[in-house]
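Hello,

Here is the structure I promised to pass on. Please open it next to the sequence; my notes follow.

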Amino acid sequence: MFGIRRGTVGKMNIFTKVMIVIVLMLIPIVVMYNSSNKTSTGVVEQELLQINLNRIRFFVEQMDVEADRLWRAAFVVATDPDALQLQLRSSPEPDYSLLASKRLLLQKLDMQSTSFEWVNDFTVYSPLSDVVVSTNLKQNYDADYFRNASQQRWDYRVIVTDRGPEKAFVRDLITPFESVSKQGDPNLYVEVTFTSDNLVKMLERFMQGSVGQPFLYHPGFDPIVPREMDPESIGAMAEQFDSIKAQNGAEGAVKITFRNEPYLVNYVTSKSLGWYLVDFQPMKKVLEPIDHSKRMFYYAGLLLLVMGVVSAALLYRNVQKPINDLIRAVKSLRRGAYDHRIKRRSNNEFHYLIEQFNLMSEDIQTLIDKVYAEQLHAKESSLKHLQAQINPHFLYNNFAYIQSMAQLERTKAIVAFTQHLSRYYRYTTRTEQQLTSLAEEMELIRNYLEIHRMQSERLQFDEHIEAGAMSLLMPRLLLQPLVENAIVHGMEGKKGNFEIVITGTRTEDGWELLVEDNGVGMHPDELEALRHSLQLQSSADRSLGLRNVHQRLRHYFGPSSGLLIDHSSLGGLRVGLMIKDGGDSDV
């Protein structure tokens, strides 16, 4: 906003000192906050790791308790009299008592199954009598099925249920119990199964109110994941977890970087099932409240910095700037620039001092250069008179266009038209400043052409001006009369689209600004007469504007500058401003 400046004796000014103080005040605050935030984040991370680890432990305990209850129920079934009676039946022909025992045992198995929260199945098989009683009617149970019975642990495999093939945990109780160690022939198999869908539902409940991504994992098997989670992402997490569990044992809580983002990873091993419950929590979501607080602090710090800068800017404007203006004004007086004045700003302590300085320099200028000032004033009045002569006179047409648009209720067109018109008249009626840049002059021309284009859509215009030309200083309203002349005299009688092209190029000894059109053009005799009229003190109305432009060019840039009028390759006229460097200006 404001550059760092130094005073007349090489010292820093007040504004610079205030800005340095503000920055020095903010630096320790930001450093202390960052340190505190880092410490708080670390504490929160450790607490979150411990809290989530406890949640996972509780979840695994619930899962183990339910699995152990199912396994203990197998012992109850194995000692049931109806189950024991199955192994005594060796007759190949079933009798009524056998059917009754099977029906009664099935009822007991159904009661056992429905007493658990998990969906499960109980199966009793006697290899002696080859009789099966099961709550799962879809699975085929025989001696080959129980050949790979698993009694020491829960086995995870695919079974057939009412819903089709499903992955389930299976465990078999074999009687007599000592047959496992003696490897004898079993009398009875009691199998307990529950599908992985039970664990999926538990995981989905575990996810509620948490930002974590939990899943059950065992090497060699597909992870058990909630339905709404991406299996591909969970697969990548499982691969990452392989390296974690190899270093940290049965349970743990660590912080890792996964896919270029920090994660909190908690895991606990199920003692009953032998599977890991793993929970990946993205730090970005976990620490979102802290990050929000951090952003709010930075916003508040930024607001304080802006307020400090504004305060310093007010101090600079009301104290430092008047002092600098006085210093520059004194230096200007020493160089002989007695016309230098300090612009009056808001009333403050420096108002009286600045006012007295302006009066003093005005008196000095009047005493030393009164005659020169009067001559300069007369020349400036002449220029303003020439400028007033070339102002456009198309106000009535504009009012007519606005009226017609209002009758058609085209409010957007009226707003756009009046905006261009106001910018145009704001520029043309500003007579206190005689010189302007080509960039400002081109902005005027764009507004002027847009006014005409809205009234006649067949008008097209384009510009090709070198970037360096935009900073060229020139008298105001030099290009506009050329564009106006092209529209008034070139567009009338022209059928189809009317095109205006404005170009600005650097020449060997100056600048060349051209306005070309594809209008009706002029006869060679008329063109020659127009060139001749530029040298006259008075001429016809048709060439009055061009003559004034020609005279103003020569007045400001010297007699080697002036207007160029010729036929255009587009079909109409080419009128240009020839500005020569180092011309003998009369100014």
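Helix 5 (residues 197-207) lies across two strands, strand 6 and strand 9 (276-282). Relative to strand 6, helix 5 runs at about 155°. Bear in mind that this is a predicted model.

Now the sheet behind those strands. Strands 6, 9, 8 and 7 form an open sheet of four strands, in that order. The pairing is antiparallel. Strand 6 (213-217) and strand 7 (251-258) are the edge strands, each pairing on one side only. From one strand to the next, the twist averages 20°.

Look next at strand 7 and strand 8 (residues 261-269). These two pair in the antiparallel sense, over eight bridges. F258 stands opposite E261 in strand 8.

Then a helix pair further along. Helix 10 covers residues 395-407 and helix 11 covers residues 411-428. Their axes come within 10 Å and cross at roughly 160°. Angles over 145 degrees count as roughly antiparallel, so helix 10 is roughly antiparallel to helix 11. The crossing of helix 10 past helix 11 is left-handed.

Which residues make the contact? From helix 10 they are L395, N398, Y401, I402, M405 and A406. Helix 11 supplies A413, I414, F417, T418, L421 and Y425. By class, this contact of helix 10 with helix 11 has 10 nonpolar and two polar residues. Charged residues are absent from the contact.

Best wishes

Conventions:
Residues numbered from 1 in each chain as written. Predicted model: local features only at pLDDT ≥ 70, side-chain atom pairs only at ≥ 80, totals over all residues. Heavy atoms only, no water. Axes fitted to C-alpha atoms, helices over the stretch in contact; angles between N-to-C directions. Parallel < 35°, antiparallel > 145°, perpendicular 65-115°, else oblique. Left-handed = near helix turned anticlockwise from the far one by under 90°. Contact = heavy atoms within 4.5 Å. Nonpolar A, V, L, I, M, F, W, Y, C, P; charged D, E, K, R; others polar. Pairing = 2+ DSSP bridges.
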